[in-house]
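Colleague: I'm new to this model, so please take me through one small part of its surface and then show me how that part sits in the whole.

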Amino acid sequence: MITYDHIMVRFGELSTKGKNKIDFIRVLFHNCQRALKEFDKLHIYMRHDHIYVELNGVDYKPVIERLQEVSGIQGLSLVHKSLDRDIENIKNISLELIKQETGKTFKVHVKRTDKKYPLISDQITRIVAGHILKSGLGLTVDVHNPDIMLSIEVRDEAVYIFSHTFPGAGGYPLGVGGKAMHMLSGGIDSPVAAYLLMKRGVTIECIHFASPPYTQVGVIYKLEDLLKVLNRYQAKIRLHIVPFTKIQEAIYDHVDESYCITMMRRMMFRLADRLAKMRHCPVISTGESVGQVASQTLQSMRVINDVTNMPIIRPCATMDKVDIINTSVKIGTYDISIRPYIDCCTIFTPKSPKTAPKLEDCLKYEEQFDYEPLLKEALSNIEVKFISDEEEKKDSELL
């Protein structure tokens, strides 16, 4: 019985990358190797414009599912590879494979990248389709909406025949887009934003603001579990835990309650800016969504952003909450995010937070206390944790 023995990994936006394309493909190749390291029998190799996974008897379904989590892949075709490119062999393999499918109509699509092959694509299409029509299977041709799409790719080294292609994650390979300092709260939105960044090829380091004893240690465990899920997309993630208690107490001692959230966010962005520069991250990223809470109105964002000239990326900015939740369920972070541990932004939630704060008011409040020593103290006492997909591999240190 003829079987599908390879997976052909198809690239998405990488086809537009010109001279950088080969570098992007190499990164994607290594990301695929890492993603499939648990499958011992697979053979993964690059050739021309595709990456191939030789199954060697391994069930294709879990392999496909794992590869669908790797950013930079447009599609995954389950193929039969034959080194014999003779047209009689192509006819016979095509017929045997189509016998395994269900449906009443079919279409043959041929791509001939080897221009020296003696038959052109249209000739191969007619020969193979005619062979299937004469086989007695009772199938008819439908070029517009076939039940079975039989694809044949004739390349220099082999012919690839397939009828099943699965969608990939799209985007760019992780690592080609630089690094972001990501503000991770532990809620629903920020892990989704992290995932969307990774999908565009951006690696992340995370910064979290902790306010013990007001916040519980369970929040940190929650963050670790969230990052373990995100390890499926980025193997190692550095988490910076910033002590924020003294800064938060100073704000509530000197600032009108309605401005406290705005002032807290300004301090957080100051800290994120400085840490990002120390860690060579050219951007800061957040899980903010426009208008979702008081600090995420456009006016609030403008006033908060005033403390930094570093670009702020907000992948969830235009997403509805339902869409964010659906994505969190899809990537496996939702159940962790809804664990009932509050973070420093919710412990002292004001009754009427300002939705349209004024910059001049913020500057006036900041003149009332010396926050600079507090920021320096917080930066000098950051705890760092390394969350890795390698079993039981944990480490922590002081920055």
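**A patch around Val141**

Modeller: Let's start with Val141, which counts as partly exposed because its relative accessibility is 43% (buried is under 20%, exposed over 50% and partly exposed in between, with a 1.4 Å probe and protein chains only). Before we go on, this is a predicted model, where local features need pLDDT of at least 70 and side-chain atom pairs pLDDT 80 or more, while totals for chains, interfaces and linings use all residues. Residues are numbered from 1 along each chain as its sequence is written, and side-chain values use heavy atoms, leaving out hydrogens and water.

Val141 sits in strand E6, which covers residues 140-141 (strands are DSSP runs of at least two residues, helices H or I runs of at least four, numbered from the N terminus). On the surface, Val141 joins Leu133 and Val143 in a nonpolar patch (side chains within 5 Å, each residue over 30% relative accessible area and without a salt bridge, that is, a Lys or Arg side-chain nitrogen within 4 Å of an Asp or Glu carboxyl oxygen). Together, these three residues offer about 240 Å² of accessible area (Shrake-Rupley, 1.4 Å probe).

Now zoom out to the whole protein. Its accessible surface comes to about 18,800 Å², and carbon and sulfur atoms own 51% of that. Of its 399 residues, 53% are buried. Strand E6 belongs to a protein with 13 helices and 15 strands. If you follow the C-alpha trace along its principal axes, you'll find that it spans about 85 × 40 × 40 Å.

Methods:
Patch = residues over 30% accessible without salt bridge, like charges linked within 9 Å, V, L, I, M, F, W, Y side chains within 5 Å.
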